[in-house]
Amino acid sequence: MNKVEAIIRPERLTAVKDALAEAGFTGLNTVQVMGRGRQKGIVHQVRGGGTVAVDMLPKTKVELVVRDQDTERVVAIIIDACRTGEIGDGKIFVSPVSQVIRVRTGERGEAAI
Ligand SMILES: Nc1ncnc2c1ncn2[C@@H]1O[C@H](COP(=O)(O)OP(=O)(O)OP(=O)(O)O)[C@@H](O)[C@H]1O
Ligand SMILES: [Mg+2]
């Protein structure tokens, strides 16, 4: 089992959720985060001609735990829903998860996902 954490543009969240649900992946968490990548934020042009540096940008983190064999499909779905080709499209982290337990039934492992 793997945890897939995707930091995406907030406006892409609905598209990602819909695409994941369509493919059968309904369980997930989202959280609003402030972050930055390689560009260390962006420089905004403001009225009057000045500029203002914004070094942390609002992003949305989507987090879901999936079976090993579903991992690449989930990654592809997220990329498909989020890629514009512009900087700041986001980043996906995949890490192993050793156990999942459904509280109601006590099921463990993939059966509990
Ligand atoms: N190495 C990292 N570790 C943790 N979070 C990161 C990392 N890189 C980026 N992020 C998070 O992902 C968000 C989106 O990153 P972003 O898409 O700008 O990545 P990038 O590496 O700068 O790529 P690009 O050049 O396409 O912009 C960041 O705002 C930050 O929240
Ligand atoms: Mg960036």
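This passage describes a helix pair and the surroundings of ligand 1 in a predicted model. Residues are numbered from 1 along each chain as its sequence is written, with chains lettered from A and ligands numbered from 1 in the order in which they are written. Local features need pLDDT of at least 70, side-chain atom pairs count only at pLDDT 80 or more, and totals for chains, interfaces and linings use all residues, while side-chain values use heavy atoms and leave out hydrogens and water.

Helix H1 (residues 13–22) packs against helix H2 (residues 71–82) at an angle of about 145°, and their axes lie 9 Å apart. Helices here are DSSP runs (H or I, at least four residues), numbered from the N terminus; axes are lines fitted to C-alpha atoms over the stretch in contact, with angles from 0 to 180 degrees between N-to-C directions. Ala15, Val16, Ala19 and Leu20 of H1 meet Val74, Ile77, Ile78, Ala81 and Cys82 of H2, where contact means heavy atoms within 4.5 Å.

Turning to the ligand, 13 residues surround ligand 1, and Arg38, Gln39, Gly88, Gly90 and Lys91 come nearest (a heavy atom within 4 Å counts as near). Polar contacts (pairs of N or O atoms within 3.5 Å) reach oxygen atoms of ligand 1 from a backbone N or O atom of Gly88 at 2.7 Å, and from a polar side-chain atom of Lys91 at 2.7 Å.

Definitions and conventions. Helices (H or I, at least four residues) and strands (E, at least two) are DSSP runs, numbered from the N terminus. A polar contact is a pair of N or O atoms within 3.5 Å; within protein, one must be able to donate a hydrogen and the other to accept it, and residues adjacent in sequence count only if both atoms are side-chain atoms.
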